[in-house]
Amino acid sequence: MTRAIPPTGTSWESIDELVRILDGANLIVHALDGRILRWTAGCAQLYGWGTEEAIGRYVGELLGTVAEGAAGAISHELREQGSWHGELRQNHRSGRPVFVASRCVVLLPDGEAEPVVVAQNIDISDLKYAQDDLAARESHLRSILETVPEAMVVIDDVGEMISFSKAAEKLFGYAADEVCGRNVRMLMPNPDRDRHDGYIARYVATGERRIIGFGRVVTGQRKDGTTFPMELAIGEAAANGKRIFTGFIRDLTSRHRMEEELRQAQKMEAVGQLTGGIAHDFNNLLTVISGNLEMIERRLQDKELGVLLREAQDAAEDGAKLTGQLLAFGRRQTLTPKLTDIGKLVSNFADLLRRTLGEAIELRTVVTGAGHTALVDTAQLQNALLNLALNARDAMPRGGRLTVEITRTRLDADYAQNHPQLRIGDYVLLSVSDTGFGMSAEVQQRAFEPFFTTKSVGAGSGLGLSMVYGFARQSGGDLQLRSVLGKGTTLQLFLPAAVPAQADPAPPPEEAPPPASQPQSRELILVVEDDARVRRVAVARLETEGYRVIEAATGAQALTLLGEHPGIGLLFTDIVMPGGMLGDELAKEARLLRPEIKVLFTSGYAEPGLPGRDLAEAGWLKKPYTARELATRLRELLD
C-alpha cells in the first residue's frame, strides 16, 4: 500500500500506556478497516458499550458513524495524510444520537505490518443541540420577519442600517444590500433627512426621547422619490456594548385613502340628503306656481299677458328639471331598471355621442369580453353617458380623443376595503377617458358636489357629474374619478353585473295617451296634503274637473273623514307628512276601513320606493304635475 505520509512509529507498550492514562477519556484504537483494538472506560460511559462488547467490533457499524462529506473520505485522508479531524454523528447503545469532535492519528506499532488509528472523541452533543436550537430560532425569527406585514429596519447608534427586512424592501423599493451600511436618512424626505443624525446625537447625549418607545406618524421616501405616510415605532436594545434601534414601519397609504374615501362618501351622503330635501320642498312650491298659472291661463283673455304667462310656465318646467337633477344626486329619482347589455347600449348610442362631440374630437368605443349585462335604467344611463361626454368635450376645446370602454371586472376585498361604498362582487365597468387639460387635486375633491363648476358664469349648472354620481350610487354602483393636470381625466362608472335573462318581447310602440274621460256621477275624492297652498291647488284642479272634494291636513284627520263619508272613492295623499303618519301608513289604515278604496300617491321626492315604504297597488304622481296628468291618473284608477 502506497502512503503519501508514513504513519508515526511507536510501540504497543506506549499505546497501551496512553490508553491506561487516558482511560477516563474517549479514546478508541482501531485498525484502518475500523476493527476496534482498544476501548477506554470513557468510551463505555459515552456510548454505553462495555470494553469486552466493543473490542473486535467495527467502529462504524457499532456506533453508526456518519461524517460530513463523501463516504470513505475519512479513511482516504488517514491513508494519504496520516491524520483527520472533524465532527461525527454517532449513536449511543440506546439509539440516541451522540455528536463528537474527533481527532484521529495513524500510528505504526513496532514489528507490525499494518498501522492503527488512535481516535480521541470529545462529546459536543450539548453544543450541537444548542447550535441547532439557535439555528431553529434564527430561522423562525427570519420567517416571521419575512412574512410580517410591517417593515423592519435596524440601525446602530450613528444611524447606519444593519438589517433590512423583506417587507422593508417591498415598501421602500431598495434591496437589503443596497441600504445596509448606509445611513437611514436616505429613507426619509427633508426636513427629517437633514435633521435625523441630530435627533440620534441629542438622544445619545441627553436621553431625551421624542419617538423611541412612543411611535408616531411620519413621512417615508421610496427609491423612486415618492413619499408616503407611515406609522413608525422604535425600540432600543444594547448589543456588545453598543446601542441598536429597531424600527417597525406600517404603510398608512391605504388607510389614509380609505379614510378619505369614507369622509368623502359621508360628505356626499349629507349633501345628498340636503339637496333631496330642498328639491322636495321646491317641488311643492313649483306645484303651487304651475297650478295657479294653469288656472290663470284658463281665465286669461289678454294674448300679450298669455305670452308672459307661458314664459312663467316654461320657467317652472325648467325648475322641475333642475329639481330632478338634484333628486338624482340625492338618489331619490324614479328608476325603471331592466336587464341591459351595456356594451350594445353604448355601441348603439355612439352615433349620438359623435354628433354631440363634434368633428374635432375622435370618439373610440371599446367593448372587451362578454357578460356586460346589468340591471339599470337605460334612459338614465344614456343621460349619464351624455353628461360625461359633454364634460369631456368642454375639457378639450382644441380637440382630442374620447375613449369609452366597457369591461367586466371583479372587485376583491382589498379594493372594497379602500372604497367603502362598494361591495365585493362582479361589476360592469364603463370608463370614459379624455385627453383634456385634467383636474387639480382640489377640483377632484369637489367634482361631484352639486352646483360646483370650473366653467364661467352661465356656462354650466354644476349638476352634470353630481347627477351621474347619484345615478351610479342609486343603481348600486359607484363613480370613480382619476385625473392628472395636462394629461386628461378618466371617470369609471361601476354597475353591478347581472346574470342575463331571456329578453322580453319588444313592447309595442307607445301611443299618445287618450284624453281623460269626464268624472262619472261626481266621484268623491279625499285630498290629504300638509302644505295648505299645495292642497288648495289640488282641490281647485279637482273641482274644475267636476269632482267633489274633501280635504285634510294630516293622516289622523283623513281617517276621521273616511269614517264620516262612506262615499269616498279615492284617496289622493302626499307621502311625506308631519304628524306621525306617512302617506303609505294612511293608505293601509284606509284600506282596513274601506278595502275597495283607490289610492293615488304624490310627493316632491321623485322616488316612490322610499326606504321601508310599501306603495304596491297604488298610483303615483310626481310633483309638480299638470292638471291633465292628474286627471289622466285619476281616471286610470277610478275606471
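**Exercise 1.** In this predicted model, find the strand that holds Thr-602, and work out whether Thr-602 is buried or exposed.

*Solution.* Start with the strand: Thr-602 sits in strand 23, which covers residues 598–603. Next, check the surface. The relative accessible area of Thr-602 is 2%. Buried means under 20%, so Thr-602 is buried.

Now look around it. Skipping the neighbours within four places in sequence, Thr-602 touches Phe-572, Thr-573, Asp-574 and Ile-575, and also Trp-620, Leu-621, Lys-622, Lys-623 and Tyr-625.

**Exercise 2.** Place strand 23 in its sheet: what is the strand order, and which strands stand at the edges?

*Solution.* Step one is the order. Five strands make up an open sheet that reads 21-20-22-23-24, with parallel pairing. Step two is the edges. Strand 21 (548–552) and strand 24 (619–622) have a single partner strand each, so one side of each has no neighbour in the sheet. As for the twist, neighbouring strands here are turned by 20 degrees against each other on average, direction ignored.

Step three zooms in on one pairing. Strands 23 and 24 run parallel and are joined by four bridges. Across from Ser-603 you'll find Lys-622 of strand 24.

**Exercise 3.** Which strands does helix 20 lie across, and at what angle does helix 20 run to strand 23?

*Solution.* Helix 20 takes in residues 627–638. Follow it over the sheet and you meet strand 20 (524–528), strand 22 (568–574), strand 23 and strand 24. Against strand 23, helix 20 runs at about 150 degrees.

**Exercise 4.** Describe the surroundings of Ser-290: where does it lie, and what is it in contact with?

*Solution.* First, locate it: Ser-290 belongs to helix 10, residues 253–299. Its relative accessible area is 16%; the cut-off for buried is under 20%, so Ser-290 counts as buried.

Then list the contacts. Leaving out neighbours within four places in sequence, they are Arg-541, Pro-624 and Tyr-625. Tyr-625 came up earlier too, as a contact of Thr-602. One more distance to try: from Ser-290 to Asp-314 is 9.4 Å, C-alpha to C-alpha, with their positions 24 residues apart in sequence.

**Exercise 5.** How many aromatic pairs does the structure hold, and what is the geometry of the pair Phe-99 and Tyr-129?

*Solution.* The count is five aromatic pairs. One of them joins Phe-99 and Tyr-129: the centres are 5.9 Å apart and the planes make an angle of 85 degrees, which is edge-to-face. Phe-99 is in strand 6 (residues 97–109) and Tyr-129 in helix 6 (residues 125–147), so this pair ties together parts 30 residues apart in sequence.

Now compare accessibility. Phe-99, at 13%, is buried, whereas Tyr-129, at 40%, is partly exposed.

For the other rings, look at Phe-164, Phe-172 and Phe-228, which ring pairs link into a cluster. Trp-49 has a charged visitor: Arg-57 lies over its face, 5.5 Å from the ring centre.

**Exercise 6.** Finish with the whole chain: how many helices, strands and disulfides are there?

*Solution.* Count 20 helices and 24 strands. Disulfides come to zero. Two cysteines are worth a look: Cys-43 is buried at 0% relative accessible area, and Cys-104 is buried at 7%.

For the overall picture, 43% of the 639 residues count as buried. Of the contacts between residues at least 6 apart in sequence, 61% join residues at least 24 apart.

Definitions and conventions: Residues numbered from 1 in each chain as written. Predicted model: local features only at pLDDT ≥ 70, side-chain atom pairs only at ≥ 80, totals over all residues. Heavy atoms only, no water. Helix = DSSP H or I, 4+ residues; strand = E, 2+ residues; numbered from the N terminus. Buried < 20%, exposed > 50% of the residue type's maximum accessible area, 1.4 Å probe, protein only. Contact = heavy atoms within 4.5 Å. Disulfide = S-S within 2.5 Å. Phe/Tyr/Trp six-rings, centres within 6.5 Å; stacked < 30°, edge-to-face > 60°. Lys NZ or Arg CZ within 6 Å of the ring centre and 35° of its normal. Pairing = 2+ DSSP bridges. Axes fitted to C-alpha atoms, helices over the stretch in contact; angles between N-to-C directions.
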